[in-house]
Amino acid sequence: MLPGVYSATKKDGTLYYRASINFKNKHISLGSFSSETDASEAYQEALRILSDASVTVDTLFSDCSRLSHDKAVVLLNFRCNGLYCKNPIYLRKGYFSYFLSPTLELKFDIDDLFYYSSHKIQKRNGHLFVNDYGMQYSILARYGIKPYAVSGRDYQFANGDDTDYRYSNIIIINRYHGVFEVTKHNIKKYKVLIHINGNYKIGTYSSEEKAAIAYNKAADLAKAAGIAKKFPENYVDSYSPKKYAEVYTNLHISKRYLDYLSVISG
């Protein structure tokens, strides 16, 4: 058997080959392959990554054809930074890169290293998420960005790089459901929309917090009118319960919206 390769048998009796390598007293599995030659080539690629200083993060993927991109990054990071983790993470100065693919490099603060070393990022329909306790969570939730937020409208990347998820690069524009910042005559205000068979304008308010409470009030009125839709709730932590109740009671709600609800409720 070629170096680094050993054979194994599937439950149905099919023969296949596995490759592994030892580095810094750690035994590292390189994967399963259909032929001894493929397994050996994967071993040779791993050996080069771990022993050849000319292999860098910039040349890594052009040097690999048998190893998965995940495993190649893991090996290079182990060689260069002495850290072995199962996900395709490469430590850089002051931050780290997570290679979702050979051509998609996400950047994160070191503070997130522990989390992403144990949570694998996936991409589906343009959304980035992790599985946690059997549930899927958008990576944007770690920044307080609400589900289905729209880049450029609800949040933006300060340096224009939509792969840079360092905290200093994330600017949250609209923190609350149904609340949208508008500027008129250089004055910021907050418009509230609620979606019930189309968007209904609830009003425009002087602060983001009041707008968030207005959305909650509009949702409560919709439920009271018999609308069964499940509306998200805005949590306004900066207000005491007493102040929240006072603002909630006194907020003006669009007459058009109230008229619509009165028709619905009969």
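What is the order of the strands in the open sheet of three strands, and in which sense do they pair? In this predicted model, the order is simply 1-2-3, and the pairing is antiparallel. Strand 1 (5–9) and strand 3 (26–33) sit at the edges with a single partner strand each, so each of them has one side left without a neighbour in the sheet. On average, and with direction ignored, neighbouring strands of this sheet are turned by 30° against each other.

Looking at one of these pairings in more detail, strand 1 and strand 2 (residues 15–23) run antiparallel to each other and are joined over five bridges. Within this part of the structure, Ala8 faces Tyr16, the residue standing opposite it in strand 2. Helix 1 (residues 36–51) packs on the sheet and touches strand 1, strand 2 and strand 3, with a direction that makes about 15° with that of strand 2. Helix 2 (69–81) also comes into the picture here: this helix lies across strand 2 and strand 3 and runs at about 165° to strand 3.

The link between strand 2 and strand 3 has a backbone detail worth a look. Lys24 lies in that loop and, although not a glycine, has a positive phi of about 50°. With a relative accessible area of 48%, Lys24 counts as partly exposed, because the cut-off for exposed is over 50%. A similar backbone feature turns up further along the chain, at His185. This residue sits in the loop between strand 12 (179–184) and strand 13 (187–195), and its phi is near 55°, again a positive value in a residue other than glycine. His185 has 69% relative accessibility and so counts as exposed.

After helix 2, the chain passes through a loop that leads to strand 4, and Asn87 is found in this loop. Asn87 is buried, because its relative accessibility comes to 2%. Leaving out residues up to four places away in sequence, Asn87 touches Val74, Tyr98, Tyr116, Ser117, Ser118, His119 and Lys120. One of these, His119, is also reached through its backbone oxygen, which the side chain of Asn87 approaches at 3.4 Å.

Next comes a hairpin. Strand 4 (residues 89–92) pairs with strand 5 (residues 95–101) in the antiparallel sense, over four bridges. Arg92 stands opposite Tyr95 of strand 5. Two residues lie between the strands of this hairpin, where Gly94 takes a positive phi near 85°.

As for open space, the largest pocket holds about 810 Å³. Its lining is made up of 29 residues, and those nearest its centre are His127, Leu128, Ser138, Ile139 and Leu140. Several strands take part: strand 6 (104–109), strand 7 (121–124), strand 8 (127–132), strand 9 (135–138) and strand 10 (155–157) each supply at least two residues of the lining. The most comes from strand 9, which gives four residues.

Tyr143 follows in the loop between strand 9 and strand 10. This tyrosine is buried, because its relative accessible area is 9%. Setting aside neighbours within four places in sequence, Tyr143 is in contact with Phe108, Asp112, Tyr165, Tyr167, Ile170 and Ile172. What separates Tyr143 from Tyr165 is 22 residues in sequence and, C-alpha to C-alpha, 9.2 Å in space. A polar atom of the Tyr143 side chain lies 2.4 Å from the backbone oxygen of Tyr165.

The last stop is helix 4 (residues 208–224), which contains Glu209. Is this residue buried or exposed? Glu209 is buried, because its relative accessible area of 18% falls under the 20% cut-off. The Glu209 side chain makes a polar contact with the side chain of Arg175, at 3.5 Å. Apart from neighbours within four places in sequence, the contacts of Glu209 are with Arg175, Tyr176, Val236, Ser238 and Tyr239.

Definitions and conventions: Residues are numbered from 1 along each chain as its sequence is written. This is a predicted model: local features need pLDDT of at least 70, side-chain atom pairs count only at pLDDT 80 or more; totals for chains, interfaces and linings use all residues. Side-chain values use heavy atoms; hydrogens and water are left out. Two strands pair if DSSP finds at least two bridges between them. Buried means under 20% relative accessible area, exposed over 50%, partly exposed in between (1.4 Å probe, protein chains only). A polar contact is a pair of N or O atoms within 3.5 Å; within protein, one must be able to donate a hydrogen and the other to accept it, and residues adjacent in sequence count only if both atoms are side-chain atoms. Contact means heavy atoms within 4.5 Å. Axes are lines fitted to C-alpha atoms, for helices over the stretch in contact, and angles run from 0 to 180 degrees between N-to-C directions. On a 1 Å grid over the protein atoms alone, a cavity is a set of points where a 1.4 Å probe fits but cannot get out, and a pocket is an open set with protein on both sides within 12 Å along at least five of seven lines; lining residues have an atom within 4 Å of a point. Grid points are joined across faces, edges and corners, and a volume is the space filled by probe spheres set on the points.
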